[in-house]
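Q: Could you take me on a close look at a single part of this structure, the place where protein and DNA meet? I would like one connected answer that I can follow on screen.

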Amino acid sequence: MSLPGLVEIPYEGAFSLEDTLKSGQLFHWERAALNDCAGYAGCLGSRGPSFITQTEEGGVYGLPDDGAVLSRYFGLDHAIESIHGTFPGEDAVLAEAIAYCPGIRLARQPMWECLATFITSSLKQVAHIRAISMKLRSRYGEAHELAGQTFYSYPEPGALARAGEDALRECSLGYRAKSLHLAAEAIVSGKFDLEAMESEEDPEKVMAALLELHGVGEKIANCVLLFSGGFHGAFPIDVWIERILRENYRKRVRGHKLQKWAVDYFGENAGYAQQYLFHFARKTL
DNA sequence: AGTCAGGCAACGC
DNA sequence: GCGTTGCCTGAC
């Protein structure tokens, strides 16, 4: 099957576009229709809008380019079966979480967009994170047209640095405005070398650089490693993960000890396990 | 009206 | 190291 004007994006294993978009990594994709085909559209970093859709049979189709950009962005190049092979053998909880939502993928977002979005996420719920992202985009990003709708790219660090903390506060950011503004300035000044960090292969180095930023702690840094850096061993612990580790895995420790246990126990793809468990916990606990 | 939410930094011990 | 507290905002 093919869809007019769209490129098919191949993948192996389970994939659900809907579940991936709802899984707490990506906050700005919007429903859109292209050539009478219903799907989702959004900007990747500072690029113009992309479009993606999934048929009932599971086929994934998108624009623009040859699909390689979208494939990488949505983790369609991940070998899910072999990732599952690295999980602990006997784990009924994880098995149930995977069965609950088998099609979730770890995205690979542009680093600045990911970092900035998670800086604004602290003590916020998904709907609000989304509202903040959209407001920042429409105010400081660049407008692009697709199929009669307007989509905004995520603002460049320079745009947010110039805007200033007080202006950012007007986007419902509260105390997060300071952190976001400082992060933007750190990138503009080169204090945080975004380009170097995007291509850095050692997660420890990226982690160390991220923790230097005001407003970035272990949780947000791990989110950036996992959702942008492609380091699938990173294991962000938020209240939901902590809850499921406590209630279903009987773990009573917290902080670094819990972090170390999780990484050791779930293994090299602990972050994928985290993503299944997170979604499962959010729906069932 | 008060509580609480998908963290963090600053401070006290 | 560990625990506590204040922080903006919106939803209930």
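A: Happy to; here is a walk along the DNA contacts, one strand at a time. This is a predicted model, in which local features need pLDDT of at least 70 and side-chain atom pairs count only at pLDDT 80 or more, while totals for chains, interfaces and linings use all residues. Residues are numbered from 1 along each chain as its sequence is written, chains are lettered from A and ligands numbered from 1 in the order in which they are written, and side-chain values use heavy atoms, with hydrogens and water left out.

Let's start with DNA strand B. It is surrounded by 20 residues, the closest being Val126, Gly217, Val239, Phe278 and Arg282 (near means that a heavy atom of the residue lies within 4 Å). Of the strand B atoms that come within 4 Å of the protein, 61% belong to sugar and phosphate. Two polar contacts (pairs of N or O atoms within 3.5 Å) reach phosphate oxygens of strand B: a polar backbone atom of Gly217 at 2.9 Å and one of Val216 at 3.4 Å. Gly24 instead places a backbone N or O atom 3.3 Å from a base nitrogen of strand B.

Now turn to DNA strand C. Around it you will find Lys124, His128, Arg169, Ser172, Gly174, Tyr175 and Arg176. Here sugar and phosphate make up 76% of the strand C atoms within 4 Å of the protein. A polar side-chain atom of Arg176 sits 2.7 Å from a base oxygen of strand C. Arg169 brings a polar side-chain atom to 3.4 Å from a sugar or linking oxygen of strand C, and Tyr175 has a backbone N or O atom 3.3 Å from a sugar or linking oxygen of that strand.

Terms used:
Polar contact = N/O pair within 3.5 Å; in protein donor to acceptor, adjacent residues only side chain to side chain.
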